[in-house]
Amino acid sequence: MMKKISTAFIALTLCLGAAAQGLLDKGISAEAKGLDDLAEGYYREAADTSIAARLRLGLLLERHEHYREAISWLSQADSGATAMAHLAAAQSEIREWSAAKQSAEKAIELAADDDHEVLASAQGTLALVYCEQDNLNNALAWANKATKSDPQSARAMNVTGIVYFRRNDENNALRYFRDAMKADPHGTDAYFNLGSVYCYRNNPDLAISTLRKGLKENRQSVKLLYCLGWAYMLKDNGEKAIECLNEVLKLDSGYVNAYNRMGDIYFSRNEYNSAIEQYRKAIGIAPKLSEAYRLLGRTYAEMGNTGKAIFNYQKAVEINKNDAETYCRIAELAAKQKQSAKEKSNYRRAARLGHKEAQQWCTKHGVTY
């Protein structure tokens, strides 16, 4: 009896495996024809019994910027170098830096010497990790390794551009972003990075034209729609900005930055309670995101609620201990409350981080830093 059951089980397993392989093949064929929705359906149907289908589904979802679900499927894939490299990239997109570092290091460990694309991707993720830590020398070293591993990698070029931008070298940053666009004209990252630089330069018109070109390639890119909303904010077109941000949240309700920018629009209109509501939504999704706490602190300060302002500013610097500007804001509010020790300690922290105004305050008041 047991032999019959075992034989039947093996036959069923083989049948399921053949069915999954057929679905996987159909998905790969559909994806090659640009029919991504159809491909996704085949991969999902096969994913219960096929590790390869989980990998393909994870890669497809990552490409379409559905990072959280991509992480879920890539985590269930074969744990090889390719899965680990893409898992690291997706984790970096949602700012899970510690996990991204571990996955990238594992990908590098598993990758063969000639697996140039995987190595470049994982090394690029490590560059972003060090960039986030403000360790820009290490970040540039890993970015250079990435471009050396695969000189044609658009991801490596984009990451290198980000590192140069953080080093205040905008010319090199723009050069790498433009090279990335040439290397992958259908990708969204280069359009997003260029649009972001133009926004930082307060050139919203150039940002808008760049981002619209990118959206022709991918009409549902949450990154590009988000950045377009930011550009419209800079043009003081709040309605257009909110339209873009609402579109982002329809596509990805967990896109934290969209809530923060929505809050900024309400803040600019002096609609402080609505701004607070948006910032709190961001914190609900990402409790370790210092920016939302900093923005909450700013809002409460503007409302005259010094206690809540300091509380939220303090939360921000507990998460990001290198936020010199926020230490200064705490010091200013402490001065209003006549808390001189708190004022001095926060100006000193900011001064040690290189904040010029804080250094001037310390010099004026005889405070060593």
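A salt bridge, as the term is used here, is a side-chain nitrogen of Lys or Arg within 4 Å of a carboxyl oxygen of Asp or Glu. Searching the whole structure turns up 21 salt bridges. Keep in mind as you look around that this is a predicted model.

## The overall picture

Let's start with the whole chain. It has 21 helices and zero strands. Of its 369 residues, 50% are buried. If you draw a box around the C-alpha atoms along the principal axes, you get roughly 85 × 50 × 45 Å. Now take the contacts with a separation of 6 or more: 45% of them are between residues 24 or more positions apart.

## Three salt bridges up close

Here are three of the pairs, with the N to O distance for each.

| Salt bridge | N to O distance |
|---|---|
| Lys 101 and Glu 105 | 2.7 Å |
| Lys 106 and Glu 109 | 3.7 Å |
| Arg 298 and Asp 264 | 3.0 Å |

How far apart along helix H6 are Lys 101 and Glu 105? They sit four residues apart in this helix, which covers residues 97-110, so about one helical turn separates them. Both ends of this pair are partly exposed: Lys 101 has a relative accessible area of 23%, and Glu 105 comes in at 35%.

Helix H6 also holds Lys 106 and Glu 109, three residues apart, so about one helical turn separates these two as well. Is Glu 109 buried or exposed? With a relative accessible area of 59%, Glu 109 is exposed, because the cut-off for exposed is over 50%. Its partner Lys 106 is partly exposed at 35%.

The pair of Arg 298 and Asp 264 joins two helices. Arg 298 belongs to helix H17 (residues 290-303) and Asp 264 to helix H15 (residues 256-268), so their salt bridge ties together parts that are 34 residues apart in sequence. Arg 298 is partly exposed, with 27% relative accessible area. Asp 264, at 13%, counts as buried, because buried means under 20%.

Salt bridges can also link up into a network, as they do for Glu 31, Asp 36, Arg 56 and Arg 63.

## A pocket with a mixed lining

Next, have a look at the second largest pocket, which holds about 1,000 Å³ of space. It is lined by 33 residues, and the closest to its centre are Arg 63, His 86, Asp 184, Gly 187 and Asp 189. You've met Arg 63 already, in the salt-bridge network.

Several helices give two or more residues to this lining, among them H3 (51-63), H7 (116-132) and H11 (189-200). Which helix gives the most? That is H5, with five residues. By type, the lining residues split into ten nonpolar, eleven polar and twelve charged.

## The nonpolar core

Finally, on to the inside. In soluble globular proteins, nonpolar side chains tend to be buried together. The largest nonpolar core in this model has 123 residues. Which of them touch the most other members? They are Val 163, Leu 228, Val 248 and Tyr 347. Helix H13 (residues 222-234) gives the most to this core, with ten residues.

Try picking out Val 248 in the structure. Leaving aside residues up to four places away in sequence, Val 248 touches Val 222, Leu 225, Tyr 226, Tyr 255 and Ala 258.

Methods. Residues numbered from 1 in each chain as written. Predicted model: local features only at pLDDT ≥ 70, side-chain atom pairs only at ≥ 80, totals over all residues. Heavy atoms only, no water. 1 Å grid on protein atoms, 1.4 Å probe; cavity = no way out; pocket = protein on both sides within 12 Å on 5 of 7 lines; lining within 4 Å. Points joined across faces, edges and corners; volume = space filled by probe spheres on them. Nonpolar A, V, L, I, M, F, W, Y, C, P; charged D, E, K, R; others polar. Buried < 20%, exposed > 50% of the residue type's maximum accessible area, 1.4 Å probe, protein only. Core = buried A, V, L, I, M, F, W, Y, C linked by side-chain atoms within 4.5 Å. Contact = heavy atoms within 4.5 Å.
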